[in-house]
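Visitor: I would like to go through this structure one local feature at a time, and then turn to how its parts are arranged. Please show me the sequence and the model before we begin.

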Amino acid sequence: MSNPLQEAFNRTAYPITGHGKRNVQVLKEALDAYEGELDSDVYGAGRLIEDFQGKMAGILGKEAAVFFPSGTMAQQIALRIWCDRRGIKRAAYHPLCHLEIHEQRGLHELHGIEPVLLGGKDRLIDLGDVKELDDTIACLLLELPQREIGGQLPDYGELEAISAYCRERGIALHLDGARLFEILPYYRKSAAEICALFDSVYVSFYKGIGGIAGAILAGDAEFMERSKVWKRRHGGDLISLYPYILSADFYFEERFPNMERYYEGARELAGFFNECHQISTLPEEPVSNMFHVHVKLPKERLEPLLMELYEETGVGLTHYLREKGEASCYFETSIGDRYARIPKDELRRAFALLNEKLAAAL
Ligand SMILES: Cc1ncc(COP(=O)(O)O)c(C=O)c1O
């Protein structure tokens, strides 16, 4: 089905989001950096996978780490193990977390675990919510940043208080850190410092890092040994995962040092959006490389206006719009390598023109 906004966006010289196209070149570039003689991993064993797992366990400050083909698999398994350890089949998380809205109730259907939704759809889970949990909860999952509400983060003090409370009550605390590396510049903490507040953590290698796919789950040694058994049961122990592992490591080395730049880029860009009529960003000041852009204009009115803007300036703001009620729409943006390549003059010109168009649309 043709999507005119997507097509117009694809033709722009300066798309503002991400690192680049998700094409085969991404894998080719990564694999080019390695010797063809390097032995592949085999069913979860071999130096290639073990070295990467050891490296990530060190970075995350955990006893052990295991590479998974997906975060979906890694997290369902993590919660299953915490539920088994506590002998309770209930796990708490945000109503808009990945498990609740993108996984077809996998945790319940595959593991019989009942989700307990905590907090409101338009805000973060806070200490007050956590204190309302009763003793029949095995674990709590926190997603940092909370993607579906623009990538918001709690204050670090709040996070420490939640962690201390969970430890006191024997509730395992799991971090959905799909974008953990992306929040380090805001918290001014190391990954290990943040992970120390949690009993287990998952990180992704295809978001801010920009690899092909894949995830690391990290925790104590016994927990990780059990996760390997579940990985086998889930069919996640592919005979070789090296295309994912090598690209994860390659792009980690390339982009982990850039997280500060992506974060500063997101703050600058949110400033440009917020100067425009009818536009506000969520959060107003981004706390990672991502944020949401809300526009008080119906999707069908904004779409042609954006397509004109792309034609006239070559700057592509988004390839999609999502309706929010009858009179507004929004989209997500996340900053990667592309943003710094856009000449500032072109960007300023595009935003000035966008502002004019929005003012004329009132
Ligand atoms: C916050 C969050 N958690 C978990 C996942 C699942 O990751 P995967 O696509 O590797 O299954 C995603 C993927 O978008 C995510 O954004």
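Visitor: In which loop does Q104 lie?
Guide: This is a predicted model, in which local features need pLDDT of at least 70, side-chain atom pairs count only at pLDDT 80 or more, and totals for chains, interfaces and linings use all residues. Residues are numbered from 1 along each chain as its sequence is written. Phi of Q104 is near 50°, which is a positive value in a residue other than glycine. With helices (H or I, at least four residues) and strands (E, at least two) taken as DSSP runs numbered from the N terminus, Q104 is placed in the loop between α5 (98-101) and α6 (106-111).

Visitor: Where is P145 found?
Guide: The peptide bond that joins L144 and P145 is cis, with omega about -10°. As for its place in the chain, P145 belongs to the loop between β5 (139-143) and α8 (156-169).

Visitor: What is omega for the cis peptide bond from L282 to P283?
Guide: P283 is located in the loop between β9 and β10. The peptide bond leading from L282 to P283 is cis, and its omega is near -10°.

Visitor: In what order do the four strands of the open sheet come?
Guide: Two strands count as paired if DSSP finds at least two bridges between them. By that criterion β10 and β13 pair over six bridges, whereas β12 and β13 (residues 328-334) pair over three. The pairing in this open sheet of four strands is antiparallel, and the order is β9-β10-β13-β12.

Visitor: Which strands stand at the edges of the sheet, and how many partners does each have?
Guide: Neighbouring strands of the antiparallel sheet β9-β10-β13-β12 are turned by 30° against each other on average, direction ignored. Each edge strand has one side without a neighbour in the sheet, because β9 (279-282) and β12 (322-324) each have a single partner strand.

Visitor: Which residue takes a positive phi in the hairpin of β12 and β13?
Guide: Across the two strands, R322 stands opposite Y330 and E323 opposite C329. Three residues lie between the strands of this hairpin, and the one with a positive phi, near 70°, is G325.

Visitor: In β13, which residue is the bridge partner of H294?
Guide: β10 and β13 pair in the antiparallel sense over six bridges. In β13, H294 has as its bridge partner Y330.

Visitor: Which element gives the most to the side of domain 1 that touches domain 2?
Guide: An automatic or database domain assignment supplies the bounds, with domain 1 at 4-17 + 258-361 and domain 2 at 41-239. Counting residues as in contact if their C-beta atoms, placed from the backbone, lie within 7 Å, the contact takes 14 residues from domain 1 and 15 from domain 2. The elements that give two or more residues to the domain 1 side are α13 and β10, and the most, four residues, comes from α13.

Visitor: Which residues are around the ligand?
Guide: A residue is taken as near the ligand if its C-beta atom, placed from the backbone, lies within 6 Å of it. By that criterion the residues around the ligand are S70, G71, T72, H98, E143, R147, D176, A178, S204 and A215.

Key: Axes fitted to C-alpha atoms, helices over the stretch in contact; angles between N-to-C directions. Contact = placed C-beta atoms within 7 Å.
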